[in-house]
Amino acid sequence: LWGGSVLNLGTEKHRDKYFDGIDNLDYPGCFAMTELHHGSNVQGLQTTATFDPVTDEFIIDTPNDGAIKWWIGNAAVHGKFATVFAKLILPTHDSKKVSDMGVHAFIVPIRDLNTLQTLPGIEIHDCGHKVGLNGVDNGALRFRSVRIPRDNLLNRFGDVSQDGKYTSSLPTINKRFAAMLGELVGGRVGLAYASVGFLKISVTIAVRYSLLRQQFGPPEQPEVSILDYQSQQHKLMPMLASSYAFHFATQHLVQKYSEMKKMHDEQLVADVHALSAGLKAYVTSYTAKSLSTCREACGGHGYAAVNRFGSLRNDHDIFQTFEGDNTVLMQQVAADLLKQYKDKFQGGTLSVTWNYLRESMNTYLSQPNPIIARWESADHLRDPKFQLDAFRYRTSRLLQSVAARLRKHSKTLGTFGAWNRCLNHLLLLAESHTESVILAKFIEAVHNCPDASSRAALKLVCDLYALDHIWNDIGTYRNVDYVAPNKAKAIHKLTEYLCFQVRNIAGELVDGFDLPASVTRAPIAMQSEAYAQYTHHIGF
């Protein structure tokens, strides 16, 4: 984040001066955005950077305790620099005396490059013990009239001349702010991808242990593997399917992000922003819940620290709130969908991920076909077109209905009040859209798989992912007669059968993640002699 902020928010002079030192770790630094009183609302930050035209410097100040920079990774021990996000204050010649130009980013040296002693005017403390990630030195920073050269303003989107004149290629504070935050989307892409890694590890441990562990069985016969129990399949097989679905979706996101960095196409930038917000929020929330489910699925042995669920759960927990709180990110997705919806009716173009909405307003919002609503054959239910249509129908209905509710409530409550009144509805919309994107990418991956037997296995997993989601929200489909009672029953029955089918290849599916033993590490997930390694660990 420190390096990314210098590269993406700075200009050539910053790259020339800092890039090599950042790249070879001579200049470890930190990203000082969050404050004690403000996290998600970055425009509410209170740290100030006041320009002094006499000395050609900015003066960085923490005006009150609420403005102390907080949770700053790499600040407590090792950071030599910080990218400090602060309100840019310029002196004026009118009655106000100063003008607030909005939040900008500044490079502030915080420690001596050789001795690592804290520099004058800067106070640093460790934020203390955390739930997880205690190898990261999160710190708190206070600035007391710290002077930095004017050149330390990261000036890609806005600059100040020696005589205190402000210039920018972007006309408003809001546009500059959006451009600045937009350059930091890489963190979300990385987190979504990393969260899938956590999910793969925990599912691998839980599935391998469930294949190994035997409890009970028919009279006078050997005990059976606990993965043979329908309840265990119900816990773990949809999760295994989701791991695969998320793998393909986040892989797609990384490719899109790479294209965006090369091409700088505006439409692609907007697409990646919304896609990264939705996937980061959705995947990390799902993984957080799944880590607990995997722990429980492994019984008492899942509680042993050596089997890793505790540390995985604690280290991953913060993924739901850093780099954008998940509830806030999902609202960004909903806002983007509403903008696309409005643009469509004004004849605008839709970004790639949203193309289906063009059809959906015509096709999906017509009355459900009563004949198709009763079809219940396995071939029909396993048809990717039926599955994707169902996901997109739900998104389209949610979008149309929330747009109508917002219009209605904004007349009496205003924009903010209406948004808050419809907030849960908006979050459901964003979640539904993100699930539609994930399924579309999974179906595409199945179609593109070159090996026939692997493709058949992936198709099985993809069908389970889709039908399990439809069944989990069957009330929505029943309420509008999209699915008749007999079809709902058939979906439930087929979902249970697919869980059983996926169980038969569950070992191969987790092997497909290709995680080395040095990554899984849990004794109960070892491919051979798991119990022996477990007993050896405690001293036998």
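**View 1. The span from residue 383 to 526 has its end C-alpha atoms 37 Å apart.** It is 84% helix and 0% strand, helices being DSSP runs of H or I with at least four residues and strands E runs of at least two, numbered from the N terminus. UniProt, in an unreviewed entry, labels residues 383-526 "domain: Acyl-CoA oxidase C-terminal"; such annotations may be inferred rather than shown by experiment. A quick note for every view: this is a predicted model, where local features need pLDDT of at least 70 and side-chain atom pairs count only at pLDDT 80 or more, while totals for chains, interfaces and linings use all residues. Residues are numbered from 1 along each chain as its sequence is written, and side-chain values use heavy atoms, with hydrogens and water left out.

**View 2. Helix α13 (residues 452-472) meets helix α15 (residues 485-504) at about 140°.** Their axes, lines fitted to C-alpha atoms over the stretch in contact, sit 9 Å apart. Angles run from 0 to 180 degrees between N-to-C directions; under 35 counts as roughly parallel, over 145 as roughly antiparallel, 65 to 115 as roughly perpendicular and the rest as oblique, so α13 and α15 are oblique to each other. On the α13 side, the contact (heavy atoms within 4.5 Å) includes L460, V461, L464 and W471. From α15 come, among them, A488, I491, H492 and L498.

**View 3. Y244 sits among the best-connected members of the largest nonpolar core.** A nonpolar core here is a set of buried Ala, Val, Leu, Ile, Met, Phe, Trp, Tyr and Cys residues joined through side-chain atoms within 4.5 Å; buried means under 20% relative accessible area, exposed over 50%, partly exposed in between (1.4 Å probe, protein chains only). This core has 104 residues, and M237, L240, Y244, F246, F442, Y465 and I470 touch the most other members. Helix α5 (residues 230-263) supplies the largest share, 13 residues. Beyond its neighbours within four places in sequence, Y244 contacts F442, L458, V461, L509, G512 and F513.

**View 4. T520, in helix α17 (residues 517-520), is a close-up of its own.** T520 is buried, at 1% relative accessible area. Skipping neighbours within four places in sequence, T520 touches I201, T204, I205, R208, R308 and L515.

**View 5. Helix α3 (residues 173-182) buries R176, F177, M180 and G182.** These buried residues pack against α1 (2-9), β5 (81-91), β6 (98-109), β11 (166-167) and α6 (266-297).
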